Amino acid sequence: VGMVKVIDNQITESFHTLVNPFDYFTETNINVHGIHPEDVQDAPGFKHVYPYMLQFIDQLPVVAHNAAFDMNVLHQSLKSLNIDTPSLTYFCS
């Protein structure tokens with residue numbers, strides 16, 4: 001997870017962490033992002049990272065490249081933890 005906060009056209013803060021999905025890694029995904037299982041073995045799980053993400057986002061809109069993909073991953077991650085998906089304003093770059 002990597003995020004930057006932009007206020008008045010200035011990057012004011014950043015947040016990043018690897019997340020352990022506690023799941024298998026496909027070669028296809030490894031080829032896309034270059035992250036291997038051993039890279040995340042000591043990383044926190046999404047349940048731990050999510051509250052920090054929400055705090056970071058606060059009431060700001062989210063902008064992401066291919067936002068539909070990211071929002072689907074967020075939704076599926078929350079669904080697996082039985083957490084409701086919040087209402088977020090988001091835009092695709």
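**Exercise 1. Find the residues that Phe56 is in contact with, leaving aside its neighbours within four places in sequence.**

Step 1: Recall that contact means heavy atoms within 4.5 Å. Step 2: Note the ground rules: this is a predicted model, where local features need pLDDT of at least 70, side-chain atom pairs count only at pLDDT 80 or more, and totals for chains, interfaces and linings use all residues. Residues are numbered from 1 along each chain as its sequence is written, and side-chain values use heavy atoms, with hydrogens and water left out. Step 3: Read off the partners of Phe56: Met3, Val4, Lys5, Glu13, Ser14 and Phe15.

**Exercise 2. Work out which helix gives the most to the largest nonpolar core.**

Step 1: A nonpolar core is a set of buried (under 20% relative accessible area, 1.4 Å probe, protein chains only) Ala, Val, Leu, Ile, Met, Phe, Trp, Tyr and Cys residues joined through side-chain atoms within 4.5 Å. Step 2: The largest one has twelve residues, namely Met3, Phe15, Phe46, Val49, Tyr50, Met53, Phe56, Ile57, Val62, Met71, Leu74 and Leu78. Step 3: Both α3 and α4 (67-80) supply at least two residues of this core. The top contributor is α3, with six residues. Here a helix is a DSSP run of H or I, at least four residues, numbered from the N terminus.

**Exercise 3. Place Leu54: is this residue buried, partly exposed or exposed?**

Step 1: Leu54 sits in helix α3 (residues 46-57). Step 2: Its relative accessible area is 33%, and partly exposed covers values between the buried limit of 20% and the exposed limit of 50%. Leu54 is therefore partly exposed. Step 3: Its C-alpha atom is separated by 9.2 Å from that of Pro86, 32 residues apart along the chain.
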